[in-house]
Amino acid sequence: MTSATTLSSALPVEHRDRLMRLAREVSFEAGTRVFEEGRRADRFWIIRTGTVLLDLHVPGRRAAVIESLGHGELLGWSWHYAPYVWQLGAEALSPVRAWEFDAGTVRALCAQDAEFGRSIATWVGRVVAHRLQASRMRLLDLYAPYGSGSPA
């Protein structure tokens, strides 16, 4: 993930501090399914330590691992966009420590403070764009005939 999408560089300090006041420390053991594609997205996380794999259901095949996330990265973006349903699945590859945020509380804060809301929306939008490109490239790697896709 690029530095523009990690928490430490994606938000202005005052917005990052405001968001972090809402954080709750959590942990996941290796192998824990953090969330499942198609289920309700009511929270999100920022990874402190460990690695989480994002995967995508592919009918008739095993789930395709799209990307691995680590320190400082946003885990979950579906909470930000109605209908608030996970678009990917996630599993802890190693033990993970993270900050957890209640999506409704953060959305309410975004609605109350337009500048904070724009910062969060810009950050989440960058993450979505990055994940969309990563998903496209990974699926081409796995399923397209050789030479049929390009990163252009």
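The following exchange examines how terms such as buried, exposed and salt bridge apply to this predicted model.

Me: Why is the pair Glu-25 and Arg-48 called a salt bridge?
Reply: The criterion is a side-chain nitrogen of Lys or Arg within 4 Å of a carboxyl oxygen of Asp or Glu. The side chains of Glu-25 and Arg-48 meet at 2.9 Å, N to O, so the pair satisfies that criterion. Glu-25 belongs to strand β1 (residues 24-28) and Arg-48 to strand β3 (residues 43-49), so the bridge ties together parts that are 23 residues apart in sequence.

Me: What makes Glu-25 count as buried or exposed?
Reply: Exposed means over 50% relative accessible area. Glu-25 has 56% relative accessibility and therefore counts as exposed.

Me: On what value does the class of its partner, Arg-48, rest?
Reply: The limit for buried is under 20%. Arg-48 has 18% relative accessibility, so Arg-48 counts as buried.

Me: How do you know that Arg-33 forms a salt bridge with Asp-55?
Reply: The closest N and O atoms of Arg-33 and Asp-55 are 2.6 Å apart, and the cut-off is 4 Å. This pair links distant parts of the chain, with Arg-33 in strand β2 (residues 33-35) and Asp-55 in strand β4 (residues 52-56), 22 residues apart.

Me: What makes the pair of Glu-91 and Arg-33 a salt bridge?
Reply: The closest N and O atoms of Glu-91 and Arg-33 are 3.3 Å apart, and the limit is again 4 Å. Here strand β7 (residues 89-92), which holds Glu-91, is linked to strand β2, which holds Arg-33; the two residues are 58 residues apart.

Me: Which accessibility classes apply to Arg-33, Asp-55 and Glu-91?
Reply: Partly exposed lies between the limits of 20% and 50%. Arg-33, at 31%, therefore counts as partly exposed, and Glu-91, at 28%, likewise counts as partly exposed. Asp-55, at 10%, counts as buried.

Me: How many salt bridges does the structure hold, and which residues are linked in a network of them?
Reply: The structure holds nine salt bridges. Arg-24, Arg-40, Asp-42, Arg-43 and Glu-100 are linked in a network.

Me: Why is His-80 called buried?
Reply: His-80 has 17% relative accessibility and so counts as buried, the limit being under 20%. His-80 is placed in the loop between β6 (74-75) and β7. Leaving aside residues up to four places away in sequence, His-80 touches Ile-120, Ala-121 and Val-124.

Me: Which residues have the most contacts inside the largest nonpolar core?
Reply: They are Leu-19, Phe-35, Trp-45, Leu-75, Trp-79, Ile-120 and Trp-123, in a core of 38 residues. Helix α4 (residues 114-143) supplies the largest share of this core, six residues. Beyond four places away in sequence, the residues that Trp-45 touches include Phe-35, Leu-75, Trp-86 and Trp-99.

Me: Which residues of helix α3 are buried, and how do you know on which side they lie?
Reply: In α3 (residues 103-112), the buried residues are Ala-103, Val-106, Leu-109 and Cys-110. They cover an arc of only 130° around the axis, which puts them on the same side of α3. The face turned away from that buried side carries the exposed residues Ala-111 and Gln-112.

Me: What makes the approach of Asp-102 to Gly-104 a polar contact?
Reply: At the start of α3, a side-chain oxygen of Asp-102 reaches to within 3.3 Å of the backbone nitrogen of Gly-104. The cut-off for such a pair is 3.5 Å.

How values were computed:
Residues numbered from 1 in each chain as written. Predicted model: local features only at pLDDT ≥ 70, side-chain atom pairs only at ≥ 80, totals over all residues. Heavy atoms only, no water. Buried < 20%, exposed > 50% of the residue type's maximum accessible area, 1.4 Å probe, protein only. Helix = DSSP H or I, 4+ residues; strand = E, 2+ residues; numbered from the N terminus. Arc of directions from axis to C-beta. Polar contact = N/O pair within 3.5 Å; in protein donor to acceptor, adjacent residues only side chain to side chain. Core = buried A, V, L, I, M, F, W, Y, C linked by side-chain atoms within 4.5 Å. Contact = heavy atoms within 4.5 Å.
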